[in-house]
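Hi,

Here is the structure I promised to pass on to you. Please open it next to this email, and the notes underneath should be easy to follow.

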Amino acid sequence: MAAKDEAVRRLQELLGEKALTADPDFRTGVSWTVSCSTESLVPVMKVLNECGFYLESLTGLDFQDTLELVYHVNTYEPRARMAVRVLCPHDGEVPTVTGIFDSALWQEREAWEFFGVRFRGHPDLRRLLLPEDANFYPLRKDFGTVHAYRKREEVYG
């Protein structure tokens with residue numbers, strides 16, 4: 001069984017079928033989107049790691065009502081790329097996945113530095129580029145003047 005198929009099967013068992021959305025035409029650049037809570041993030045990432053996926057990237061999206069973290073994972077088979085989406089409040093915490101994917105060490109530091117997301121259990125959460133005493137998060141929409149600051153529902157429907 002292909003790694004992607006095995007991961008989808010196991011994630012549906014873990015989260016339920018409604019948590020996964022397929023994109024068979026690969027229009028969004030991912031074959032599946034996985035929506036999970038902060039509590040289920042670590043088990044989801046463990047399943048993906050056990051199925052041979054690696055962490056490609058981590059980014060944040062800032063909305064008026066919430067922050068959203070998007071983890072892109074991939075494996076070495078065609079059209080296997082997946083997106084794991086996690087919502088968290090602006091002042092919330094997300095568990096670290098550094099114990100699962102080593103590449104999360106830097107990527108979580110970057111998300112913390114630019115979006116202000118705290119990663120509970122991260123072994124070295126310190127600044128990468130900004131001064132140590134910086135008290136702002138430059139990729140948040142409340143930094144500077146932004147005209148298109150919307151709620152998540154307004155963007156995704």
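Below is what I found, going from the sheet to the helices and then to the pocket. Please keep in mind that this is a predicted model.

**The sheet**

A good place to start is the open sheet of 5 strands, which has mixed pairing and the order β1-β2-β5-β4-β3. β1 (20-22) and β3 are at its edges with a single partner strand each, so one side of each has no neighbour in the sheet. On average, neighbouring strands are turned by 20° against each other, if direction is ignored.

Strand by strand, the pairing goes like this. β1 and β2 run antiparallel and are joined by 3 bridges; here Thr21 stands opposite Thr33 in β2. Between β2 and β5 the sense is parallel, with 5 bridges, and Cys36 has Val86 in β5 as its bridge partner. β4 and β5 are antiparallel again, joined by 7 bridges, and you will find Tyr71 opposite Val84 of β5.

As background, sheet strands pair through backbone hydrogen bonds, in either a parallel or an antiparallel way.

Have a look at β2 as well: 4 of its 5 residues are buried, so this strand is largely enclosed by the rest of the structure.

**The helices on the sheet**

α2 packs on the sheet and touches β2, β3, β4 and β5, with its direction at about 170° to that of β5. Helix α3 (residues 104-115) also packs on the sheet, where it touches β3 and β4, and its direction makes about 5° with that of β3.

Which residues of helix α2 are buried? In this helix (residues 41-50) they are Leu41, Val44, Met45, Val47 and Leu48. These residues span an arc of only 155° around the axis, which means that they lie on the same side of α2. Their cover includes α1 (3-15), β2 (32-36), β3 (54-62), β4 (67-74), β5 (82-88) and β6 (93-95). After α2 comes Gly52, with a positive phi near 95°.

**The pocket**

Finally, the largest pocket has a volume of about 210 Å³. It is lined by 13 residues, and Thr21, Thr28, Val30, Thr33 and Arg85 are the closest to its centre. At least two lining residues come from each of β1, β2, β4, β5 and α4 (152-156). Thr21 and Thr33 may ring a bell, as they are the two that stand opposite each other in β1 and β2.

Happy browsing, and write back with any questions!

Best wishes

Technical notes: Residues are numbered from 1 along each chain as its sequence is written. This is a predicted model: local features need pLDDT of at least 70, side-chain atom pairs count only at pLDDT 80 or more; totals for chains, interfaces and linings use all residues. Side-chain values use heavy atoms; hydrogens and water are left out. Buried means under 20% relative accessible area, exposed over 50%, partly exposed in between (1.4 Å probe, protein chains only). The arc is that of the directions from the helix axis to the C-beta atoms. Contact means heavy atoms within 4.5 Å. Two strands pair if DSSP finds at least two bridges between them. Axes are lines fitted to C-alpha atoms, for helices over the stretch in contact, and angles run from 0 to 180 degrees between N-to-C directions. On a 1 Å grid over the protein atoms alone, a cavity is a set of points where a 1.4 Å probe fits but cannot get out, and a pocket is an open set with protein on both sides within 12 Å along at least five of seven lines; lining residues have an atom within 4 Å of a point. Grid points are joined across faces, edges and corners, and a volume is the space filled by probe spheres set on the points.
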